Amino acid sequence: MLMFVVLPLVMIAVYAFTDAAGTLTLDNFRRFFTTSEDLNTFAYSIEVAIITTILCLIIGYPAAWILSNARLNRSKVTVMLFILPMWINMLIRTLATVALFDFLHLPLGEGALIFGMVYNFLPFMIYPIYNTLDKLDNSYIEVAKDLGASPFKVFTKVTIPLSMHGVMSGVMMVFMPTVSTFAIAELLTLNKVKLLGTTIQENVNNGMWNYGAAVALIMLLIIGVTTIFSDKEDTRANETGGLL
């Protein structure tokens with residue numbers, strides 16, 4: 001942990017708060033918040049991440065529910081088919097998406113970017129929700145039915161609240177890498193769309209480590225705050241039994 005987690009984070013912080021000469025400075029952060037292009041890129045990255053996360057949740061939750069429902073899915077092979085893309089390198093999956101759009105004569109751009117993001121990160125939404133639903137205590141559902149709740153109320157008042165831990169895990173697993181990715185945007189938009197990860201990558205490749213580290217640190221802080229907020233929501237849900 002010290003070697004591969006703490007030390008790299010400390011190095012990012014050191015580079016972010018220093019200039020090329022090693023002098024302490026806040027110019028890197030000042031530059032970010034005063035450069036309209038970088039701010040627009042940051043806002044657009046958040047927008048893409050939110051859209052991708054929402055689409056993955058809309059598609060992933062019903063898929064996870066079907067996979068966890070023994071009456072609808074009696075084979076673990078179906079689960080493996082959903083998880084199988086996670087075993088393939090993301091770059092290969094993205095190149096396959098580019099080939100698919102080329103085969104269908106569809107233009108590469110924002111639409112292709114969203115499609116590629118959802119395709120790449122959908123399994124990361126399905127798997128944690130499926131795990132939560134699969135381990136769900138069916139006695140809660142049976143009690144709700146015995147008390148006269150309709151299937152719709154059972155789903156909205158019991159199943160969904162009790163699966164929120166998996167939902168929050170899926171949201172974090174999709175949102176965080178979507179904000180920081182750059183290869184998917186470069187390949188699926190032919191470098192026409194720039195995300196925050198692209199800004200970091202360009203600065204590092206051009207030798208501007210200090211500014212790149214500052215942008216990366218800003219992104220890490222936002223992700224950290226989001227994670228803390230998510231953990232508090234999970235704790236509150238666990239204390240109330242997951243039911244409202």
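Reader: How do I read the way helix α3 and helix α6 cross, and at roughly what angle do they do it?

Author: Look at the two axes and ask how far apart they come and how they are turned. This is a predicted model, and in it the axes of α3 (residues 36-68) and α6 (residues 110-134) come within 6 Å, crossing at roughly 45°. That angle makes α3 oblique to α6.

Reader: Is the crossing of α3 and α6 left-handed or right-handed?

Author: Right-handed, for this pair.

Reader: And which classes of residue make up the contact of α3 with α6?

Author: Sort the residues by class and count. Here you get 23 nonpolar residues, along with four polar and two charged ones.

Reader: Okay, next topic: confidence. What is the average pLDDT of the protein chain?

Author: Start with the whole chain, then go to its parts. The protein chain averages 87, and 91% of the residues score at least 70. Going element by element, helix α2 (residues 27-34) has the highest mean pLDDT, at 94, while helix α4 (residues 76-83) has the lowest, at 74.

Reader: Where does pLDDT stay under 50?

Author: Over residues 240-244, a stretch for which the model has eight contacts beyond four places in sequence. Here's the general idea: where pLDDT is low, don't read the predicted coordinates in detail.

Reader: Now backbone angles. Which residues that are not glycine have a positive phi?

Author: When you see a positive phi, check the residue type, then find its place in the chain. Leu 190 is one case, with a phi of about 55°. Asn 191 is another, with a phi of about 65°. Leu 190 sits in the loop between α10 (183-189) and α11 (196-205), and Asn 191 is found in that loop too.

Reader: Are Leu 190 and Asn 191 buried or exposed?

Author: Compare the relative accessible area with the cut-off: over 50% counts as exposed. Leu 190 has 54%, so it is exposed. Asn 191 has 58%, so it is exposed as well.

Reader: What about Leu 26, with its relative accessible area of 48%?

Author: Partly exposed, because a value from 20% up to 50% falls in between buried and exposed. You'll find Leu 26 in the loop between α1 (2-16) and α2.

Reader: How far is the C-alpha atom of Leu 26 from that of Ala 214?

Author: Keep two separations in mind here, one along the chain and one through space. Leu 26 and Ala 214 are 188 residues apart along the chain, and their C-alpha atoms are separated by 9.2 Å.

Technical notes:
Residues are numbered from 1 along each chain as its sequence is written. This is a predicted model: local features need pLDDT of at least 70, side-chain atom pairs count only at pLDDT 80 or more; totals for chains, interfaces and linings use all residues. Side-chain values use heavy atoms; hydrogens and water are left out. Axes are lines fitted to C-alpha atoms, for helices over the stretch in contact, and angles run from 0 to 180 degrees between N-to-C directions. Helices (H or I, at least four residues) and strands (E, at least two) are DSSP runs, numbered from the N terminus. Angles under 35 degrees count as roughly parallel, over 145 as roughly antiparallel, 65 to 115 as roughly perpendicular and the rest as oblique. A crossing is left-handed if the near helix is turned anticlockwise from the far one by less than a right angle, and right-handed if clockwise. Ala, Val, Leu, Ile, Met, Phe, Trp, Tyr, Cys and Pro count as nonpolar, Asp, Glu, Lys and Arg as charged, and the others, Gly among them, as polar. pLDDT is the predictor's confidence in each residue, from 0 to 100. Contact means heavy atoms within 4.5 Å. Buried means under 20% relative accessible area, exposed over 50%, partly exposed in between (1.4 Å probe, protein chains only).
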